Amino acid sequence: DIEKLQEAGIVDFPKVSGRQKYIPFTGGGNHRKFVIVDNTAWLGTSNLTDADISGMDNFMLRTQSEEFVSVLEDIFTNPPQQDTVYRSSQEHVTNGIDWELLVDAGKPNHSIIYDRALEMIEGAEEKIEFVTQYWPKGKLEQALIKRAKEGLDVRVVIQTHGDHRLWRYPFKTGFQSFMRYQEYSGLEILLPKKSTHTKGLVVDGKMALFGSNDLFDLSKISSLFCNL
């Protein structure tokens, strides 16, 4: 299928250089998920594959904001080489909703998306709602537990099935460890029956952060998140 797309001129792979050429998973991959058709754009969590459509929960934001679509076109044609934040200008704020688009460049152990999630959790006043394909770990896990112990309503939606690569031993021990936190941390952990591919963080019902980054510690691949 890839060869057919390449022959048709639809798919093009950039040349890989440096250590990425010899060592896989060192960063620089593409985990962004967005589509632009004419003056309309969609971005969110779906890979737009048969598996995503038939077996997993996903969501995509649809927008016809000229400014927003223009930013996505720029990201498509000129992918940022550094972590980048795009912000709405005052004259383009729609219905009082301001937005910022966060783009990770895929550098190991660097993520403005992850950092923004931590900032939002720290600034929450009443309620935190977090949905993820995987279980939280690292600084994000610690931040959620900290706020729950401080009396905030903290709800985490994960799934018992998850990605087959990460739900085998020894990775499965991470899930089992996280589930034990519910006993003393104050976290409310919800396990939906259907597989989920969504990734989102909502704080106090006023601010939402969502997109393609799993917020699974520090991701090593380029991701795209929208902060509304």
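This passage describes the overall make-up of a predicted model and then one of its sheets with the helix that lies across it.

Residues are numbered from 1 along each chain as its sequence is written, and side-chain values use heavy atoms, with hydrogens and water left out. Because the model is predicted, local features need pLDDT of at least 70 and side-chain atom pairs count only at pLDDT 80 or more, while totals for chains, interfaces and linings use all residues. The pLDDT, the predictor's confidence in each residue from 0 to 100, averages 82 over the protein, and 81% of the residues score at least 70.

The protein has six helices and 13 strands, taken as DSSP runs (H or I, at least four residues, for helices; E, at least two, for strands) and numbered from the N terminus. Of its 228 residues, 41% count as buried, that is, under 20% relative accessible area with a 1.4 Å probe, protein chains only.

Strands 2, 3 and 4 form an open antiparallel sheet in the order 2-3-4; strands pair here if DSSP finds at least two bridges between them. At its edges are strand 2 (34-37) and strand 4 (60-63), each pairing on one side only. Strand 3 (residues 40-44) is joined to strand 4 by four bridges, and Ala41 stands opposite Thr63 in strand 4.

Helix 3 lies across all three of these strands, strand 2, strand 3 and strand 4. For the 12 residues of this helix (residues 66-77), 1.5 Å a residue (times one less than the number of residues) gives an expected span of 16 Å, and the end C-alpha atoms are 16 Å apart, which agrees. Buried residues in helix 3 include Phe68, Val71, Leu72 and Ile75.

Technical notes:
Buried < 20%, exposed > 50% of the residue type's maximum accessible area, 1.4 Å probe, protein only. Contact = heavy atoms within 4.5 Å. Axes fitted to C-alpha atoms, helices over the stretch in contact; angles between N-to-C directions.
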